[in-house]
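Subject: Structure handover

Hi,

Here is the structure I promised to pass on. Have a look at it first, and then read on for what turned up.

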Amino acid sequence: MDQPYQTSSLRDFLTVLFKHKNTILIIFFTVVATVTIGSFRLSPTYEAKSSLLVKFGREYIYRSEVGERVPDMRIVPLNQEEVINSEIQILTSRDLIEKVITTLKVENIYPDLAKNPPGRFTPLEAAIEQFEKKLSVEGIKKSNVIQVSFQHKDPRIAAKAVNLLVDFLKEKHLQVYSDPKSSFLEQQLLTYEQSLIESQNQLKDFKQKYRVFSLEEQRTLLLKQRTDLDSTLKTAQNQVKELQNRLSSLKNQMQTVSKDVPLYSETERYKTIDDAKTQLLTLQLREQQLLQKYN
């Protein structure tokens with residue numbers, strides 16, 4: 001009974017197949033045509049590759065930091081995988097990618113991002129994110145080789161990007177593993193020395209402009225000057241008070257003098273009055289001068 005059942009099922013399948021063969025053929029050719037047209041309409045993506053051979057060089061040789069260098073220099077025991085991973089991290093570092101994009105310019109690598117950058121990022125940041133997605137750096141197992149690949153629609157841009165990345169890796173490698181007396185550090189030292197000289201010149205100009213040579217001495221002089229001014233002010237105030245008292249006394253004396261006494265008399269009595277008036281006038285003038293000088 002099983003054999004007739006299987007024969008009937010196959011016959012039913014073939015019947016349905018031949019019955020809808022036109023529909024099946026139409027769907028098949030439609031899918032094939034759509035895929036073919038779509039594949040021709042898609043712009044091709046090119047991939048540039050580069051292989052790097054990592055070798056143990058002078059950067060892995062031990063040198064004494066103090067004293068004289070010993071002739072028996074030895075190689076630092078580093079794991080091969082650690083060295084490869086270190087080079088991969090340098091290759092995929094953000095500053096290296098940013099340097100490549102800055103050299104090639106964003107409008108040449110990703111013109112769409114340059115025209116319409118995302119709202120959250122600048123064109124350069126968006127280009128770095130896109131570059132990292134298309135960049136592939138991996139170490140070949142059981143070897144000292146690192147394979148670098150980059151995908152782009154323009155084959156020339158892809159090749160230039162990979163070549164620049166490798167060149168900048170060499171420069172970065174020299175900066176990281178260079179000798180302490182290398183030209184890079186010497187240049188940095190000259191830069192800091194120049195900055196120090198400029199700061200010293202600015203400080204000197206500031207001191208000359210505001211006449212500040214010794215802060216501690218300047219402070220002592222200012223305190224002494226303030227003390228002297230306070231003493232002078234108190235002395236002047238006492239003098240003014242004394243003169244005011246004398247003026248008041250002279251005014252009281254003048255009230256006792258008769259108004260009918262001639263101003264110009266040759267007698268001894270009126271001569272004393274004239275002298276007192278002259279002294280009073282002199283004191284009044286002195287009072288006006290002191291009032292103008294001391295508030």
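Start with His152: a polar atom of its side chain lies 2.8 Å from the backbone oxygen of Ile109. The His152 side chain also reaches the backbone nitrogen of Asp154, at 2.9 Å. Bear in mind that all of this is read from a predicted model.

His152 sits in strand E3. Its relative accessible area is 11%, and because that is under the 20% cut-off, His152 counts as buried. Leaving out residues up to four places away in sequence, His152 touches Thr45, Tyr46, Ile109, Tyr110, Ile157 and Ala158.

Now the strand itself. E3 covers residues 145–152 and pairs with strand E2, residues 135–139, in the antiparallel sense over five bridges. If you want a landmark in that pairing, Ser136 stands opposite Ser149 in E3. The E2–E3 hairpin has five residues between the strands, and one of the loop residues, Lys142, takes a positive phi near 60°. Lys142 manages that although it is not a glycine. Buried or exposed, then, for Lys142? The relative accessibility of Lys142 is 89%, so it counts as exposed, the cut-off being over 50%.

There is another positive phi to look at: Lys105, again a residue other than glycine, has phi near 75°. You'll find Lys105 in the loop between H4 and H5. Lys105 has 46% relative accessibility; this falls between 20% and 50%, so Lys105 is partly exposed.

On to the packing. Which residues have the most contacts inside the largest nonpolar core? They are Phe131 and Ile146, in a core of 35 residues. At least two residues of this core come from each of the following:

- strand E1 (46–53), along with E2 and E3
- helices H3 (80–91), H4 (94–104) and H5 (106–109)
- helices H7 (123–134) and H8 (155–177)

H8 makes the largest contribution, with nine residues. In soluble globular proteins, nonpolar side chains tend to be buried together.

Ile146 is worth clicking on. Not counting residues up to four places away in sequence, Ile146 touches Ser50, Ser51, Leu52 and Val54, then Ile84, Glu87, Ile88 and Leu91, and finally Val137, Glu138 and Gly139. Besides the core of 35 residues, there is a second, separate one of seven residues, with Val240, Leu247, Leu280 and Leu283 among them.

Finally, the overall picture. The chain has 11 helices and three strands, and along the sequence these follow the pattern α-α-β-α-α-α-α-α-β-β-α-α-α-α. How many of the 295 residues count as buried? The share is 19%. The accessible surface of the chain is about 24,000 Å², and carbon and sulfur atoms hold 55% of that. As for contacts with a separation of 6 or more, 66% of them are between residues 24 or more positions apart.

If you only have a few minutes, I'd go to His152 and its 2.8 Å approach to the backbone oxygen of Ile109, then follow E3 back to Ile146 and its partners in contact.

Cheers

How values were computed. Residues numbered from 1 in each chain as written. Predicted model: local features only at pLDDT ≥ 70, side-chain atom pairs only at ≥ 80, totals over all residues. Heavy atoms only, no water. Pairing = 2+ DSSP bridges. Helix = DSSP H or I, 4+ residues; strand = E, 2+ residues; numbered from the N terminus. Buried < 20%, exposed > 50% of the residue type's maximum accessible area, 1.4 Å probe, protein only. Contact = heavy atoms within 4.5 Å. Areas by Shrake-Rupley, 256 points an atom, 1.4 Å probe, with all protein chains shown as cover. Core = buried A, V, L, I, M, F, W, Y, C linked by side-chain atoms within 4.5 Å. Polar contact = N/O pair within 3.5 Å; in protein donor to acceptor, adjacent residues only side chain to side chain.
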